[in-house]
Amino acid sequence: MKIAKTLGQFILEKQADFPYAKGELSRLLRDIGIAAKIVNREVNKAGLADILGEAGTTNIQGEGQKKLDVYANEQFISALKHGGECCIVASEENDEFIPIESEVSKDAKYIVAMDPLDGSSNIDVNVAVGTIFSIYHRTSTHGKATMDDVLQRGTEQVAAGYVIYDSSTMLVYTTGKGVNGFTLDPSIGEFCLSHPDMKIPKDGLIYSINEGYYSHFPDGVKKYIKYCQVEDAKTSRPYTSRYIGSMVADVHRNLIKGGIFIYPVTASAPSGKLRLVYECNPMAFIIEQAGGKATNGYERILELEVNELHQRSAIFIGSENMVHKAEEMMSFFSPQLLKRSFEGVVELQ
Ligand code: P6P
């Protein structure tokens, strides 16, 4: 029986693709893999351990933190702190970024931005949740790393990935040379290469959006939803609607099967809900590397200017041809006109 390649073996093998690599990125990815295995253990027994439910605290998003949110955040921060390859951690769960100033880390060259447990509202009902991470080189050349090191465009990412904790636990990541997926083999406690060189189909038959907000959507999004629902054998419509409510799970399904995930701006979230730095940018990097597309309805996600750590963005991400079609519908409204319509200045027909 062929022994599958472990994440560690694969990382080292690919390190050769980067002639000047001295192993720091390899070790950083290893540290993330270790934290993912620890979090996986708790996610898998959430119903048994006293780790379900609310932590009784709220994060900067004003969201009630689940015990597992806090636990996952602590595990990833600890692994990154002790790994010595990262000088700043920026997390959805922390208002400010966390400088890592230990002797071994203060001169480390990498920054990690993460959503330690995305979709955590699904934990208590046993639905897939995920971790999303994004890795940058620090831009500052001396002294303490600063917020400028964190607020970099998505195009500057060195690596990005996600972990999906579901029927099986997978780690999917890119370093800019394609996308590879690893499935955790609990019998050996290793992530093993199971999905080499992942590519998202150019077309798909699945659209993923929370239609409960339909009345709040921009007209272009309403047009696209109606387009997906029209009977048309030539284009295999109507498409299928699938919405898990966990971005990692919805995007992962579309990466494998083809499809589009949309979280647009709405009247109640005029800048969108999802966060640019540690949700949209890493997922956009991965999907682009797999041959897909990711925009905010008008502009490429990876080129959006990053001004704040917890900045939000609309996102249309998935199969290239589906995102193109959605953008066609969105092109009816300029972002400016759309914004003024939410401010009640302009009545959109
Ligand atoms: P809604 C989970 O809270 C999350 O951040 C994403 O994982 C998910 O896609 C989205 O929010 C779900 O938001 O408003 O549809 O419940």
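In the predicted model, K325 and E328 form a salt bridge in which the closest N and O atoms are 3.2 Å apart. Both residues belong to helix α8, which spans residues 320-330, and because they are three residues apart in that helix, about one helical turn separates them. K325 is partly exposed, with a relative accessible area of 24%. E328 also counts as partly exposed, its relative accessibility being 48%.

The total number of salt bridges comes to 18. Another of these pairs joins R41 to E42, with 3.3 Å between the closest N and O atoms. The two partners differ in their surroundings: R41 is partly exposed at a relative accessible area of 48%, whereas E42 has a relative accessibility of 8% and counts as buried. Residues are called buried when their relative accessible area is under 20%, and the value of 8% for E42 therefore places this residue in the buried class.

A further salt bridge is formed by R275 and E92, whose closest N and O atoms are 3.2 Å apart. R275 lies in the loop between β13 (260-263) and α7 (276-289), while E92 lies in the loop between β3 (86-91) and β4 (98-99), so the pair ties together parts that are 183 residues apart in sequence. Both partners are buried: the relative accessibility of R275 is 2%, and the relative accessible area of E92 is 5%. The pair also takes part in a network of salt bridges that links E92, R275 and E279.

The surroundings of the ligand were examined next. Around the ligand there are 14 residues, of which D118, Y213, Y243, M247 and Y263 come nearest. By residue class, this shell divides into six nonpolar, four polar and four charged residues. Several side chains place an N or O atom at a short listed distance from an oxygen atom of the ligand. For Y243, this distance is 2.5 Å. For D118, an N or O atom of the side chain is 2.7 Å from a ligand oxygen atom, and for N210 the corresponding distance is 2.9 Å. The ligand taken alone exposes 400 Å², and the protein buries 85% of that area.

M247, one of the residues that come nearest to the ligand, is also among the buried residues of helix α6. This helix covers residues 247-257. Nine of its eleven residues are buried, so α6 is largely enclosed by the rest of the structure. The buried residues are M247, V248, A249, D250, V251, H252, R253, N254 and L255. Just after α6, G258 takes a positive phi of about 90°.

On the other side of α6 in sequence, the loop between β12 (240-241) and this helix contains I244. In contrast to the buried residues of α6, I244 is partly exposed, with a relative accessible area of 32%. Together with V125 and V127, I244 makes a nonpolar surface patch of about 210 Å². Residues qualify for such a patch when their relative accessible area is over 30%, and I244, at 32%, therefore meets that condition.

Technical notes: Residues numbered from 1 in each chain as written. Predicted model: local features only at pLDDT ≥ 70, side-chain atom pairs only at ≥ 80, totals over all residues. Heavy atoms only, no water. Near = heavy atom within 4 Å. Polar contact = N/O pair within 3.5 Å; in protein donor to acceptor, adjacent residues only side chain to side chain. Areas by Shrake-Rupley, 256 points an atom, 1.4 Å probe, with all protein chains shown as cover. Nonpolar A, V, L, I, M, F, W, Y, C, P; charged D, E, K, R; others polar. Patch = residues over 30% accessible without salt bridge, like charges linked within 9 Å, V, L, I, M, F, W, Y side chains within 5 Å. Salt bridge = Lys/Arg side-chain N within 4 Å of Asp/Glu carboxyl O. Helix = DSSP H or I, 4+ residues; strand = E, 2+ residues; numbered from the N terminus. Buried < 20%, exposed > 50% of the residue type's maximum accessible area, 1.4 Å probe, protein only.
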